[in-house]
Amino acid sequence: MSDLLDSCRGLVLGAFDRTFASPETPEQPPRDKTFRLTHLRLEVRVDDDAKTVSGTAVHRLSPINDGLREITLDAADLTIRRITDDAGKVLEWETHGDALTVRLPRARKAGESFEVRIRYEAKPRIGLFFMGPDKGYPKRARIAWSQGEAMENRYWFPSYDYPNQRFTSEVIVTVADRYVALSNGRLVKETRDARRRTRTFHWLQDKPHSNYLVALAVGEFDSKEWTADGVPVQAYVPKGKGGFIDRCFRNTPEMVVAFGKILGFRYPWDKYAQVCVPDFTAGGMENTTLTILYEYCLTDEKAYWDYNPDDLLSHELAHMWFGDWVTTKSWGHIWLNESFATFCEYLWREHKYGADDALVAILDDRTQYFEEAETRYKRPIVTHKFVDASDMFDVHTYQKGGNVLHMLRFVLGPDLFRKAISHYLTKHGGQNVETNDLKVAIEEATGRNLDWFFDEWLYKAGHPELEVSWSWDDKAKQVLLKVKQTQEVKDPVPLFRMPVEIEIATDARVWRERVQLEKAEQVFHLDAPARPKAVMFDPDAVLLKKITFKKDKDELLWQLANAKSVAARMQAAEGLGTFLSDDRVVAALRKALTKDKFWGVRREAATALGEIRSAEAREVLLEGAKDKESRVRRGVYRALGKFREDDVAFKALAKAYMEDGWYYPMQTAALALAEARHPKAFETIVKGMDRPSQAEVVTRGACMALANLRDEKGIEVLKERTAYGRPELVRFASATALGKLGSFHEKRRDEIVEHLAALLRDTNYRARYGAVMGLEELGYTKGIAELEKTAERELIAHLRVAARLAIKAVREKHAEGAKKVEQQSELDKLKDENKELKSRVAALESRIETIAKRRK
Ligand SMILES: [Zn+2]
């Protein structure tokens, strides 16, 4: 599953409860089984007028042990009509909560196969969603779609709703004759009933899969089919949107073939279909052979490179191997699904756009992980202590896990890694797995024991925090590289052991060596013919770490201009951002911003110029604003936002916001306008905020910009945009921003709590999500009671999780004391003055340096 909505979370500081699950949280190991489920036959009628589903679910199963007298399935809100066995005998049953217990007329023996047929009706509130036009959204497509993960399929059919079983399935679904019904596997038969004006689709998934992967989508679609290595690849979008298919899905067939080669394991299913549906509650969901996606991946050219649907599409496709072909046995091991799918996003980027492009995605994920680690918690990636299965679908599972697999490949090397993964997929194909299965498969395939790696990266938490420095021993002709691990080593955070590459560059040559980190403090002696121009620690930025590596200006200048790896050039640019008022530095950054061939380095150079913030730096940034690559322009706009109340920067940003034309740069410009705090910023932002854009990124940026601007007038503007009838993503963003803006205006907080509380009861999931985020941002204890209701009663699990996290955050913020506008402005001013002083000190230092050099 994937949720690609970027949240705009505030930073929370202070020493508070940073645990993922309290000590009292019970362990949630895999569910015990009393029977093996071998086949599910679901024969249903879906009525989208009545929003109901009704029919029969037939389970074929066999006891694991002798003497089975009853079976327990999951059924939430279902009306059970009648239950019979294969002989047609009516069985007794009862329900307790979601548990449906069926009594068998006689004890069954181990391995004795039998059927249980359940006739039922449902008007599902979740699990199966009925979308269609209404007053507020007259153009919304009429499509019903399912979302089973984590455990929500039980809301539309009785099932064994836990991932540690696999069975084949048939979905036989009757719908109104204008609709198409899509499901897992292959279409066996399609029939029409002219009198009833219905169509019946008979789908068969003859390769076993787990319950949460059973799926259904019903509606009118535009579609297209390709073939990839003999596999039919299909795309379905709501009728009328067929024009988007080629741009969005053009790479999927190539992905199917490429993953087969890269993973050493061919695509294992009969077909691969992708279907876009309205108001989907995640980014995408990897049901076997039928990925369901939100519509926001249907983008035009003006968002393509900033958004790139490939990330979402490659993620969901990768799940056909990781998650679907091998499936986690329990939610505690969900990284085996999600970290792999995230890692495969990098693999696809590497294959299609090159390793440098992939690296930027890896680093972005790392930044998101650091944010969660610093503001929420650090937890082991594998853990059975959680409240809700949805707790596990966090940044640790996705972004950190993706990075961990990237490191695993580095540790094994690409050839052994591929060999190990191919073996893992072969050995465990069609099975449920746990983390140790992967470790053993690696050992079997490569002979390498990775207990230590699994221990520190999966069963323990945190990451290394390093202080690195080097010096030159001219007598010994050696580089002395000092590395200190400074993280607090306290359960569950270990001292880390990892191999790391060091790149040494002299005038004559450049080479790499590998060292082994393992102690709190280490000094490595590395031979070199002469004092190096630069010493680069982990030049490809493989290791997930925080690092301070103090270098002098000359080394950084050399590194920015000459280092081969883009990570080293990006780090050099970042380091140079601390040298203020220095012409050589600005000239070097100008060269990097205008000439470096990789856009990531150009963007980093822009960031550094924003830190320097001199008139010269500003001129260079204006040049950079002409870059053809939208991702570089975003960096430039962000940097221009650092020029507080500066007329020139304001003019450039206002122009960018209105005229750049590409959506994501315009979003960045909105946020930068707020950051720069120019007196005209408010009216400028409001003027352009309602322009349509892919996934409403322009409006969303403008909403958050208004919050950051702290002007009370923004409250009304934001409130209006939370209204029913506005696009759901605008409602999400404006509700979040409203909370944030309210946090600066004490007198308005009660009214904002009331406004957001009403949104918590909205029918739209993203409006409710925005309200939860808004109440978190507001940080006002009066909002807690409302959040508690959501944490208890909300049906969509990850909203319950968000509400629980929000309550925790509000309590922390309350303990710190409320923010005030005046205090914030004062703080800004102090920061600015501090920067000014630093800059003057730097100028003085550089003059003294020049004088000192003259004397030598
Ligand atoms: Zn996923």
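The exercises below, each with a worked solution, concern a predicted model.

**Exercise 1. Overall form**

Determine how the radius of gyration of the protein relates to the globule rule, and describe the fold in general terms.

*Solution.* Begin with the secondary structure: the protein contains 27 helices and 28 strands. Next, take the radius of gyration, which is 29 Å; the globule rule gives 29 Å for 856 residues, so the protein is as compact as a globular protein of that length. The C-alpha trace spans about 105 × 65 × 50 Å along the principal axes. Then consider burial: 61% of the 856 residues count as buried. Finally, turn to the contacts between residues at least 6 apart in sequence: 71% of them join residues at least 24 apart.

**Exercise 2. An open sheet**

Identify which strands stand at the edges of the sheet ordered 8-9-14-11, and explain what this position implies for them.

*Solution.* The sheet is open, consists of 4 strands, and has antiparallel pairing. Strand 8 (128-131) and strand 11 (180-183) are the edge strands; each has a single partner strand, so one side of each lacks a neighbour in the sheet. From one strand to the next, the twist averages 10°. To examine one pairing within this sheet, follow strand 8 to strand 9 (residues 143-146): the two run antiparallel and are paired over 4 bridges. Within this pairing, Phe-130 is found opposite Ala-144 of strand 9. In general, strands of a sheet pair through backbone hydrogen bonds.

**Exercise 3. The partners of strand 7**

State how many bridges join strand 7 to strand 2 and how many join strand 7 to strand 4.

*Solution.* Strand 2 (residues 52-63) and strand 7 (residues 114-122) are antiparallel and share 9 bridges. One residue pair in this register is His-59 with Val-116, the latter in strand 7. Strand 4 (residues 79-85) is also antiparallel to strand 7, here with 6 bridges. In that pairing, Ile-80 has Tyr-120 of strand 7 as its bridge partner.

**Exercise 4. Aromatic pairs**

Classify the ring geometry of the pair Tyr-162 and Trp-331 and of the pair Tyr-765 and Tyr-769, and locate the residues concerned.

*Solution.* The model holds 30 aromatic pairs. For Tyr-162 and Trp-331, the centres are 6.4 Å apart and the planes meet at 70°; since planes over 60 degrees apart count as edge-to-face, the pair belongs to that class. The two residues are 169 residues apart and link distant parts of the chain: Tyr-162 lies in the loop between strand 9 and strand 10 (167-176), and Trp-331 in the loop between strand 20 (326-328) and helix 5 (335-353). Tyr-162 has a relative accessible area of 9% and is therefore buried; Trp-331, at 2%, counts as buried as well. Both rings belong to one aromatic cluster with Tyr-212 and Phe-393.

For Tyr-765 and Tyr-769, the centre-to-centre distance is 5.9 Å and the angle between the planes is 40°, which makes the pair tilted. Both residues lie in helix 24 (residues 765-778), 4 residues apart, about one turn of the helix. Tyr-765 counts as buried at 5% relative accessibility, and Tyr-769 counts as buried at 15%.

**Exercise 5. Charges over rings**

Name the ring over which Arg-379 lies and the ring over which the charged end of Arg-691 sits.

*Solution.* Arg-379 is placed over the face of Phe-20, 4.7 Å from the ring centre. For Arg-691, the charged end is positioned over the ring of Tyr-657, at 4.9 Å from its centre.

Definitions and conventions. Residues numbered from 1 in each chain as written. Predicted model: local features only at pLDDT ≥ 70, side-chain atom pairs only at ≥ 80, totals over all residues. Heavy atoms only, no water. Pairing = 2+ DSSP bridges. Axes fitted to C-alpha atoms, helices over the stretch in contact; angles between N-to-C directions. Phe/Tyr/Trp six-rings, centres within 6.5 Å; stacked < 30°, edge-to-face > 60°. Buried < 20%, exposed > 50% of the residue type's maximum accessible area, 1.4 Å probe, protein only. Lys NZ or Arg CZ within 6 Å of the ring centre and 35° of its normal. Rg over C-alpha atoms; globule rule 2.2 N^0.38 Å. Contact = heavy atoms within 4.5 Å.
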